[in-house]
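Q: Take a close look at one part of this model for me, then work outwards from there. Keep it informal, but give me the cut-offs.

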Amino acid sequence: MIEIKSLKETNEKLDFVIKNIDAVTANTIRRLIVSEIPIMAIEAVNVIKNNSALYDEMLSHRLGLIPFKTDLSSYNLKEKCKCKEKGCALCELTLSLKATGPCTVYSEDIKSKDPKVKPVYPKMPIVKLLKGQTLELEIIAILGHGKDHAKFSPGLVHYQAYPKIKVTNCKGSSKCVEVCPKDVFQVSNKKVKVVNEINCILCKACEEACPHGAINIEDSKTDFIFHVESWGQLKPKKLLLTAIDMLEDKLDDFNKSLKKLK
Ligand SMILES: [Zn+2]
């Protein structure tokens with residue numbers, strides 16, 4: 001049975017151990033999060049006025065990379081919307097940006113009609129305006145996938161195999177304690193003990209350093225340590241839960257298509 005143990009959870013990061021899966025499943029979870037979960041980002045900018053130092057394309061590019069808090073329950077992907085990709089209130093959000101110099105324009109100056117969808121970080125600088133310079137933009141944000149553009153990527157996911165560390169016939173040389181960069185070992189009663197298994201990065205420096213060959217480290221083929229880091233659009237736990245829901249949907253689709261085969 002699959003077991004999950006949380007190691008650390010904050011607003012931005014989730015570290016956990018998952019047991020009894022395999023590398024294929026681990027990578028499926030990673031890829032679903034990084035490239036399949038829909039995320040809100042700016043897709044189109046209608047420039048009404050811009051006499052700032054940045055030309056329109058540069059400005060639009062900067063706007064596109066601002067992460068927005070995403071509300072998956074209120075919006076549809078444009079390609080799956082009832083409006084047939086024409087654009088409606090269910091698949092597009094209109095925002096606006098007006099500023100007059102002298103000032104620095106920040107992400108918080110983008111005004112959203114939906115209070116649930118706003119920039120994650122309010123103080124991201126967009127452009128500096130000098131006296132007499134004006135910016136007036138109409139902006140459209142949509143849901144999209146990380147596989148289509150990095151601006152729709154919700155975060156970073158990486159994992160490593162769980163380390164299986166065995167110490168046999170230790171003669172207490174304590175060389176491993178000296179070389180380990182992650183303080184995995186400790187000496188007590190002239191014997192080496194594994195105290196921080198979870199910190200091991202599988203560098204295997206200890207194996208080489210021990211003059212008695214007492215240490216053996218293997219990468220687990222079924223247990224993994226996962227690190228999920230969100231850019232802020234969705235909470236890391238929500239990323240994981242959404243990825244699992246998506247996997248379920250994809251398998252359902254697969255099942256349906258399979259049944260149609262004669
Ligand atoms: Zn629509």
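A: Let's start at P102, which sits in the loop between β4 (93-100) and β5 (103-106). Helices and strands here are DSSP runs numbered from the N terminus, with H or I over at least four residues for a helix and E over at least two for a strand. Residue numbers count from 1 along each chain as its sequence is written. Bear in mind that this is a predicted model, where local features need pLDDT of at least 70 and side-chain atom pairs count only at pLDDT 80 or more, while totals for chains, interfaces and linings use all residues.

What kind of peptide bond joins G101 and P102? A cis one, with omega at about 5°. Most peptide bonds are trans, and most residues other than glycine have a negative phi.

From that loop, step back into β4. The strand belongs to an open sheet of four strands, in the order β3-β8-β4-β6, with antiparallel pairing (to pair, two strands need at least two bridges between them in DSSP). β3 (39-50) and β6 (111-112) are the edge strands with a single partner each, so one side of each has no neighbour in the sheet. Between β4 and β6 the antiparallel pairing runs over two bridges, and L95 faces S112 of β6.

Now go back along the chain to the loop between α2 (56-64) and β4, where E85 sits. E85 isn't a glycine, yet its phi is positive, at about 70°. Residues count as buried with 20 or more other C-beta atoms within 10 Å of their own, exposed with 12 or fewer, and partly exposed in between, the C-beta atoms being placed from the backbone. E85 has 11 C-beta neighbours inside 10 Å, so it counts as exposed. K78 also lies in the loop between α2 and β4, but K78 is buried because it has 20 other C-beta atoms within 10 Å. Contact takes C-beta atoms, placed from the backbone, within 7 Å of each other. Leaving out neighbours within four places in sequence, K78 is in contact with E85, C91 and I142.

N20 makes a good companion to E85. It lies in the loop between β2 and α1, has a positive phi near 65° without being a glycine, and is exposed because it has 11 C-beta neighbours inside 10 Å.

Just after that loop comes α1 (residues 23-36). Its 14 residues reach 19 Å from first C-alpha to last, close to the 20 Å expected at 1.5 Å a residue (the expected span is 1.5 Å times one less than the number of residues). A26, I29, L32, I33 and V34 are buried in α1, and the buried residues of this helix pack against β9, β12 and α5 (236-260).

Both of those strands have partners to look at. β9 (residues 155-167) pairs with β12 in the antiparallel sense over twelve bridges, with P163 opposite D219. β2 (residues 13-19) is also antiparallel to β12 (residues 215-230), over six bridges, and there I18 stands opposite F224.

I33 leads on to the largest nonpolar core. Such a core is a set of buried Ala, Val, Leu, Ile, Met, Phe, Trp, Tyr and Cys residues joined through C-beta atoms within 7 Å. This one holds 41 residues, of which I33, A41, I139, A141, V228, L239 and A243 touch the most other members. Strand β8 (residues 134-144) gives the largest share, six residues. Domain 1 (3-35 + 156-227) and domain 2 (39-151) both contribute, so the core lies between them; the bounds come from an automatic or database domain assignment. Beyond its neighbours within four places in sequence, V228 is in contact with K13, L14, I33, G155, V157, P236, L239 and L240. Another core lies apart, with ten residues including C206, C210, A214 and I215.

Finally, zoom out. The C-alpha centres of the two domains are 42 Å apart. The protein chain has five helices and twelve strands. Its radius of gyration is 25 Å, well over the 18 Å from the globule rule for 262 residues, so the chain is more spread out than a compact globule (the radius is taken over C-alpha atoms, and the rule is 2.2 Å times the number of residues to the power 0.38). Along its principal axes, the C-alpha trace spans about 75 × 65 × 25 Å.

How values were computed
Contact = placed C-beta atoms within 7 Å.
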